[in-house]
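Good morning, and thank you for joining. I would like to take you through one structure today, beginning with its strands and ending with its charged pairs.

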Amino acid sequence: MCEKNLWDENGSETAGESLAPGTYRFPPKLQVFGRDIQKEQLKYHHRRVAVEKSFTFDAAHHLHLYDGKCKSLHGHTYRLVLQVSGYVNEIGIVVDFKDLKQLVKERIMKPLDHQYLNEVLPPMNTSAENMIVWMWEQLEEGLANMGKPEQELRLEWLRLYETPTSSAFLKREWMVEA
């Protein structure tokens, strides 16, 4: 048996009672908005915080003037990882993950998933290094319309995996320098 902190029916903590391993007590009362926590408490801080989300898509491409296997048509399961930062809103959220998902779906997945990249991207060699800059431009433009202005949402970095062990990486300061 292990000792866990438990609560009695009044919500008071009772330490030292034994429970079977892997057994946990359900809290006696759930926090209720307006009674136990107020709106002004939801935004705990005013700091810039980053959130990350990753996505996968499948696509085919080939590289021009490349001396290697990638000169021939082939496919990848790409993995895109992005980090967005900003200041939390009035309920303590920088950006809703579902909104990030929608942004990537519209700006990246719709045009690229299960496509021949040489045909759907602007004229470029479809290297991960070129593609990630195009993706940055698409996502940054979309982020401009998300959140409230005081949240100052911004793309911090992107990583595009072409294979599980090979990726291109881009961060904000490199895009600002250009």
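I begin with a single pairing: A60 stands opposite Y116 in β5. Please keep in mind throughout that this is a predicted model. The pairing of A60 belongs to a wider one, in which β3 and strand β5, residues 115-116, run in the parallel sense and are joined over two bridges. On β3 there is also an antiparallel pairing, with β4, and here 14 bridges join the two strands. Within the structure, D58 stands opposite T77 in β4.

These strands also bring aromatic rings together. How many aromatic pairs does a search of the whole structure find? The search returns three. In one of them, the rings of F57 and Y78 have centres 5.0 Å apart and planes at 15°, so this pair is stacked. F57 sits in strand β3 and Y78 in strand β4, residues 74-87, and the pair thereby links parts of the chain 21 residues apart. Are these two residues buried or exposed? F57 has a relative accessible area of 2% and is buried; Y78, at 0%, is buried as well.

A second pair has another geometry. F169 and W174 are arranged edge-to-face, with 5.9 Å from centre to centre and 85° between the planes. F169 counts as partly exposed at 30% relative accessibility, and W174 is partly exposed with a relative accessible area of 35%. Together with W157, the residues F169 and W174 form one aromatic cluster.

Let me turn to the nonpolar interior. In soluble globular proteins, nonpolar side chains tend to be buried together. In this model the largest nonpolar core has 34 residues, and those touching the most other members are F57, L82, I108, M135, L139, L158 and L160. We have already met F57 as the buried partner of Y78 in the stacked pair. Which elements supply at least two residues each to this core? They are β3, β4, α2, α4, β6 and β7, the last spanning 166-171. The largest share, eight residues, comes from α4.

L82 shows what the surroundings of one of these core residues look like. Setting aside residues up to four places away in sequence, L82 touches V51, E52, K53, F55, L100, V104, L139, L155, W157 and L158. Two of these contacts, L139 and L158, are themselves among the core residues that touch the most other members. Another contact of L82 is W157, which belongs to the aromatic cluster with F169 and W174.

A brief word on a loop. G92 lies between β4 and α2 and is partly exposed, with a relative accessible area of 32%. Where does the chain come back to G92 from elsewhere in sequence? G92 and H45 are 47 residues apart in sequence, yet their C-alpha atoms are 7.8 Å apart in space. Leaving aside neighbours within four places in sequence, G92 is in contact with L42 and K43.

I close with the charged pairs. Side chains of opposite charge can pair when their charged atoms come close. The search of the whole structure finds eight salt bridges, and I shall present three.

One is between E152 and R48, with the closest N and O atoms 3.4 Å apart. E152 lies in the loop between α4 (128-143) and β6 (154-163), and R48 in strand β3, residues 48-61, so this bridge ties together parts that are 104 residues apart in sequence. Both partners are partly exposed: E152 has a relative accessible area of 45%, and R48 has 24%.

Another joins R107 to E141, at 3.0 Å between the closest N and O atoms. R107 is in helix α2, residues 97-112, and E141 is in helix α4, so the pair ties together parts 34 residues apart in sequence.

In the remaining example, the side chains of E140 and R172 meet at 3.2 Å, N to O. Because E140 lies in helix α4 and R172 in helix α5, residues 172-177, this bridge ties together parts 32 residues apart in sequence. E140 is partly exposed, with a relative accessible area of 34%. Why is R172, in contrast, classed as buried? The relative accessible area of R172 is 19%, and the class of buried residues covers values under 20%.

Thank you for your attention.

Notes. Residues are numbered from 1 along each chain as its sequence is written. This is a predicted model: local features need pLDDT of at least 70, side-chain atom pairs count only at pLDDT 80 or more; totals for chains, interfaces and linings use all residues. Side-chain values use heavy atoms; hydrogens and water are left out. A salt bridge is a side-chain nitrogen of Lys or Arg within 4 Å of a carboxyl oxygen of Asp or Glu. Helices (H or I, at least four residues) and strands (E, at least two) are DSSP runs, numbered from the N terminus. Buried means under 20% relative accessible area, exposed over 50%, partly exposed in between (1.4 Å probe, protein chains only). Rings of Phe, Tyr and Trp (its six-membered ring) pair if their centres lie within 6.5 Å; planes under 30 degrees apart count as stacked, over 60 as edge-to-face and the rest as tilted. A nonpolar core is a set of buried Ala, Val, Leu, Ile, Met, Phe, Trp, Tyr and Cys residues joined through side-chain atoms within 4.5 Å. Contact means heavy atoms within 4.5 Å. Two strands pair if DSSP finds at least two bridges between them.
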